[in-house]
Amino acid sequence: MASAPVNKIIPFSLVDGPGSRTSVFLQGCNIRCAYCHNPETQQICCNCGICVDGCPAKALFVQDGRVVWDDRKCVSCDRCIKVCPHCASPRVHMLDAQEVFLRVQKNIPFIRGITVSGGECMLYPEFLLELFTEVKKVGLTALIDSNGTVDFSLYPELTALCDGVMLDVKSWEPQVFSALTGGSNEIVKSNLRYLADRNRLEEIRIVCLDGRVDAEAVIRGAAEILAEKTALQKLKLIRFRRFGVRGSLENAPSPTEETMLNLYELAQKHGFRKISIT
Amino acid sequence: MDQVMDIITAQNLTYDQKLLQLAQAAENSVDPLHVSDKFRYYFEKGALCDMNEGKAPYRPRYILADFQKFVQNGSEFLRLKPPEDLDDLLTSLCILYGHIPSVTGRPVYVGNLDKLIDPFLEGVSDQEASKKIKRFLNFIDRTVANGYCHANLGPEATRAGRLILDAEKELQNAVPNFTLKYDPDITPDDFGEQAVLTALSCASPAFCNHRIHGQTYSGDYGIVSCFNILPVRGGGYCLSRVVLPRLADLASGVEQFMEELLPEALQALGEYMNERVRFMVEESHFFDTSFLVKEGLVDPDRFVGMFGVAGLCECVNTLLKDRGGFRYGRDEEANDLGDRIMCKIHGFVKEFPAVYSKLTGDRYFLHAQAGLAPQKGVTPGVRIVVGDEPDNIMDHIRHSARFHRFFPTGVSDIFPVETTARNNPAAILDLVKGAFSIDDKYLSFYTEDGDLIRITGYLAKRSEMEKFSKGVPVLQDTSHGAVNNYRNNHVADRKVRF
């Protein structure tokens, strides 16, 4: 059975897709967004041990050269993730799909589905396939929250099984994407088309930030690809917030209400009808 | 007579409030009920309580008039013909409300308003209907002016229902309190979500499990006051209660509590309720003389005595204080004892012969009583004390559902939620669906940023409470109690969800 490093499971979430859902956050990401609001999910722990000594609850220790986390002692003070120089977290458990499913199952009948997020959850496609197979058996829906840099067309079975993908389209011009994330967005665009063609595009998300994100270009580009499907496509315009952000953007201001409304109007002009601002 | 002079000279009461308090003082100047020594003993200890209903009951605590019948027949006594259009309807209802008594002196039930209004909307535009509905709702708010007053909606979605929800959102009134009879098999999701959004704006409506409560009585039911489930065309005679923490204070141990104190106190309470009901039916002549009865808007055979339970939480915590310190809501040992106590009370009520209780098979029905203003250390009904709520709302609701099963005439929970929940009303509706599928009976939500706040079940305006605290008269008399209740029940510290 496939396992994945699980950073967190939120039993009852209101912000990860339609209705109430259990959200599963996997550890590890393949890009480095400057505005990442949970940078501690980017890397897998390298067992350097820097976080261990200062833990006020003595919830961290080293065993056989590995950093071990005792979640019963943990007081969630977040000190360990603040001192980690590697953008990782010691508070991660390797869980297989069945173990995660059992935790999800406890939340029935209060949830309508699950959303797997990250980090980048598409780094663990076998795990997702096994987990989704289980949750679909009990009538829950399964959504993927992805940065879109992993090629969905390589995983047709998973794409067909999931109920949709919330695709983070971070920017449109390659150089803007590269400056923001350190990666390439060629696959993001092909995923957009691939998922839309298969009715698996639950939502397009754009984190809006003046000067760093070409949100206008994303709106125009996505509308062009979606063509007649644009009106039915959910689009979420997310205001950048500095909460959790480290590095060059940690003090960057959020876009103004006016900027967001302008983007909203632009999206309308390009045919989007299901637009939300958060 | 000091008390009478205090009322007469008070500077923080309106004229209407003085009148009602003087009426109660007059009622309490006589003492016609034959009450047992056991009741008096437990009453003095605070373990049994008459809810200050008055010493000589001359009208039922709660009346749920059959407004549908009124709409069909009009009223001979009030010289009103059956209404022919929306204006007729709303005016007739306003007139009738003024003649329906209750323990508060004002009506506690104004009807399943959407169902009453919807048939009169044919040919009336949304805009026109909305204007009239708002006027009507304001009339109730400003004249009834008591938070126990309740209106019902649903379970079906109607145009009137949608207009009422929209109006409520705009008006931000505390009166009437609204409850949506909700059944996911009947109520469409979009209407349910509109109700959630309304609740997150003005703390109302609450959600009642229609699938379960619809089976409580033969015939229609309604929700009144602090979530009392009662028969329409009838009501509740009285609500008397056992205040479990004060009974636990008298106990030498769990077994003595279970085997001696509880049975004795319950017996005394049952007999006391029989005496209240007997007096009301046989001596006050309410049912012989009221036009509501003569015109069939109320049927004397459709009244229920509510056997109240309050403070299960502190009762359990007190009994277990020296036995491991287990806490109700947190520890299974405590929850199991709570369950045992409730089974005992339920068993008693199931067997105790109630007078004049035809509809309920000569029995009283249990009610999870939601509190009395000046009281400290008595958490409403079977709720978990503020501060001990489970971290996970799903665990909280599972606990609630376990204890809701004992109560046919009303039991509920109140959840303050973050304003962000407004972005996803479907998620809150999912929670309601999940709760009701495991037989939770009743829940309500409000956001912390609004002026309206749920106290025990009724709504109060923070702004009124603040004014009254400063000694200024305010419109709603329930704001008076709300001030104490807000403080004593630590309402501000309720765990905010999401």
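Which elements of chain B do the buried residues of α16(B) pack against? The views below address this point and others. The model is predicted: local features need pLDDT of at least 70, side-chain atom pairs count only at pLDDT 80 or more, and totals for chains, interfaces and linings use all residues. Residues are numbered from 1 along each chain as its sequence is written, and chains are lettered from A and ligands numbered from 1 in the order in which they are written.

**View 1. Packing of helix α16 of chain B.** The buried residues of α16(B) pack against α12 (254–283), β10 (303–310), α15 (312–319), β11 (365–368) and α17 of chain B. Helices (H or I, at least four residues) and strands (E, at least two) are DSSP runs, numbered from the N terminus; contact requires C-beta atoms, placed from the backbone, within 7 Å.

**View 2. The two sides of α16(B).** Among the buried residues (20 or more other C-beta atoms within 10 Å of their own) are L337(B), I341(B) and F348(B). Seen down the helix axis, the buried residues fall within an arc of 135° (directions from the axis to the C-beta atoms), so they line one face of α16(B). On the other side, exposed residues (12 or fewer such atoms) include E332(B), D336(B) and K350(B).

**View 3. The open sheet of chain A.** Nine strands are ordered β5-β1-β2-β6-β7-β8-β9-β10-β11, with mixed pairing (at least two DSSP bridges between strands). The edge strands β5 (93–96) and β11 (274–277) each pair on one side only. Four bridges join β1 (residues 3–13) to β5(A) in an antiparallel arrangement, and S3(A) stands opposite D96(A).

Methods: Contact = placed C-beta atoms within 7 Å.
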